[in-house]
Amino acid sequence: MSELKVKDKEIVVPGEVLAEGMDYLPSYGVFREQDKIIAMHLGLISISGRVIKLIPLSGRYIPKRDDVILGKIADIGFSGWRVDIGWAFEANLGLKDATSEFIEKRADLTQYYNYGDIIVAQISHISGSKIIDLSMKGPGLRKLKGGKIIEISPSKVPRVIGKQGSMVTLIKEKTNCKIIVGQNGKIWISGVNSESESLATNAIYKIEQESHLDGLTDRIKEFLEKGEKNGV
């Protein structure tokens, strides 16, 4: 006889038994051991019919093809740039994928991207865990100027973005900030002043901390409106 041992949106720890019997199906973040379904991470349970999924509450970024990420130029070579994207290995940005301009051999590559520059790029190819290729050819992919970079857990990125971009749009409108959210958990914020950037930053951190609670959108809206009234 099958038995579900947890409730939807309940927080569980690694190794916790979520269900017994063969009526339930394991999905992302859980695994089956004989007739038991067990949690792999600290996370939030999502139950849809017979399918049990685990949404991690923490964890490092795992690169995926087509992800739009924020990265920092870490090294410059003859054939392109090496980019820190928050993964164990740096990603590659080759000359042909870096710009639509023709780059001559032995050109000074720092005139395009220099050490420490922050870029918005897209993962174009992955081979194993060590070879990750980036592209700068696409809408919105560019070098960023000014603003500030903050970091959150990559697992919380969907909540910061919201359904069809609703949450990040709310923050942009209430703070008058430009915001770019990378799938690797790095977020660029550029506002008219430091106060507006701080309000946007605090709203994003609040989402990260309270993403598992109900009524998140209403709480964030109230938080932002309170900040507006205080003159931000």
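This is a short walk through one chain, from its overall build down to a single aspartate.

Okay, so first: this is a predicted model, where local features need pLDDT of at least 70, side-chain atom pairs count only at pLDDT 80 or more, and totals for chains, interfaces and linings use all residues. Residues are numbered from 1 along each chain as its sequence is written, and side-chain values use heavy atoms, with hydrogens and water left out.

The big picture, then. The C-alpha trace spans about 70 × 50 × 25 Å along its principal axes. You'll find five helices and 17 strands in the chain; those are DSSP runs, numbered from the N terminus, with helices being H or I of at least four residues and strands E of at least two. Of the 232 residues, 40% count as buried, meaning under 20% relative accessible area with a 1.4 Å probe, protein chains only.

Now look at one open sheet. Four strands make it up, in the order β2-β7-β8-β4, and the pairing is mixed. Its edge strands, β2 (11-12) and β4 (25-26), each pair on one side only. To count as paired, two strands need at least two DSSP bridges between them. β2 and β7 (residues 43-48) run antiparallel and are joined by two bridges; Val 12 has Gly 43 as its bridge partner in β7.

Follow β8 (51-56) onward and you hit the loop leading to β9 (68-76), which holds Asp 67. So is Asp 67 buried or exposed? It counts as buried, because its relative accessibility is 8%. Its side chain also makes a polar contact of 2.8 Å with the side chain of Tyr 61; that term means N or O atoms within 3.5 Å, where within protein one must be able to donate a hydrogen and the other to accept it, and residues adjacent in sequence count only if both atoms are side-chain atoms.

How values were computed
Buried < 20%, exposed > 50% of the residue type's maximum accessible area, 1.4 Å probe, protein only.
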